[in-house]
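Please open the model in your viewer and keep the selection tool at hand. The tour below proceeds stop by stop.

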Amino acid sequence: MKLKDRVAIITGATSGIGEASALLFAEEGAKVTVTGRDDARGRNVVAAIAAGGGTAVFVQADVRLPGDCERVVAETLRAFGGRLDILFNNAGVFHPHNAIDCTEEEWDATVDSSLKGAWLMARYSLPTMIAQRRGVIINQASGWGIQGGDEAVAYCAAKGGLVVMTKAMAIDHGKQGIRVNCLCPGDVETPMLATDAEARRMTYADYMKGAANRPLGRVGTPLELARAALFLASDDSSFMTGAALVVDGGGIAG
C-alpha cells in the first residue's frame, strides 16, 4: 500500500476526480477526510470507502470560508490522532465566460474556490505538517493554467495562480520536509464537461468528438487523474516539488 497509515484531506471529494481520489487513497491505506458542500454525496463517498474496508470521515465545508477550512483541519486531527500527511486541494468551479461576459459573482466564486480555497486549506494544514517535518500538498490546477483557453477567463486566472502559488509554497516549505506540487488535467469526464458543452451550445456527443483531435484521441477518466494524484501523494514522487504535472492526453503538446 502506497499510503498506509497516512492521513489525507481531499477537498471537493464528493464527485469526479476528488471522489475517485478519495476511493483510491483509501484503497492504498490512507485515512481520508472527504470534504464538499453536498452532505448526501459526501456521506455516500464515505460509505463506499467503508464498504471497501477503508477509513474515512465526511466534513461538510465550503473552502471559500476561512472558518470552514480551519474546521476541516481541526476535525481531521481530532479524528485521526493528530496527524495530517496529505492535502489535496481539488475543489473548484467552472463558469465558461470571457472577460466581458463573466460576472463579478462568477469571477469571485471561481477564484475563491480554486485559488483562495487552496491557500486557506494550506494555511491551516501547514503548522501540523511543519511540526511533523513531513507533508505533501497537491493543488489541482489545469492545462489551461499553463497555456490558457477560450471562454474561461476566471478559470484560467485561478488555475494559473495555482501553478505559480505551488512553486512559491514549494520554495518556502521544502526545508521543512514538505513537498508541494500541482496536477494539471486536460478534459476529464466529469460534470464540468457537460457545463462547458451547454455553454458552447453543443450537444454532449458533439462536444466529446472534439477529443479526437488530441494525440490520445479521447478525454481522461477521473480514475486516471486519481492515479496521478496518488503518484504525487506517495513516496514515488519523493524528489518532486514545485512541479506542474500535466495529465491531458497530449492536449498541450498537440
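Begin by selecting valine 32 and alanine 56: in this predicted model, valine 32 stands opposite alanine 56 of β3. Next, extend the selection to the two strands, β2 (residues 31–36) and β3 (residues 55–60). These strands run parallel and are joined by six bridges. To follow the connection between them, add helix α2 (residues 39–51), through which the chain crosses from β2 to β3. This β-α-β crossover is right-handed.

The second stop is the largest pocket, which holds about 1300 Å³ of space. Select Phe94, Tyr155, Thr190, Met192 and Leu193; of the 50 residues in the lining, these lie nearest the centre of the pocket. Then colour the elements that each supply at least two lining residues: α1 (16–27), β2, α4 (104–132), α5 (144–147), α6 (153–173) and α7 (191–199). Strand β2, visited at the first stop, is thus one of the contributors to this lining. Which element gives the most to the lining of the largest pocket? That element is α7, with five residues.

For the final stop, move to the loop between α9 (222–233) and β7 (244–247) and select serine 237. Is serine 237 buried or exposed? Serine 237 counts as buried, because its relative accessibility is 1%, whereas the limit for a buried residue is under 20%. Display its side chain, which reaches the backbone oxygen of leucine 232 at 3.1 Å. Finally, show Arg179, Phe231 and Leu232, with which serine 237 is in contact when its neighbours within four places in sequence are left aside.

Notes. Residues numbered from 1 in each chain as written. Predicted model: local features only at pLDDT ≥ 70, side-chain atom pairs only at ≥ 80, totals over all residues. Heavy atoms only, no water. Helix = DSSP H or I, 4+ residues; strand = E, 2+ residues; numbered from the N terminus. Buried < 20%, exposed > 50% of the residue type's maximum accessible area, 1.4 Å probe, protein only. Polar contact = N/O pair within 3.5 Å; in protein donor to acceptor, adjacent residues only side chain to side chain. Contact = heavy atoms within 4.5 Å. Pairing = 2+ DSSP bridges. Right-handed = clockwise from strand over helix to strand, strands pointing away. 1 Å grid on protein atoms, 1.4 Å probe; cavity = no way out; pocket = protein on both sides within 12 Å on 5 of 7 lines; lining within 4 Å. Points joined across faces, edges and corners; volume = space filled by probe spheres on them.
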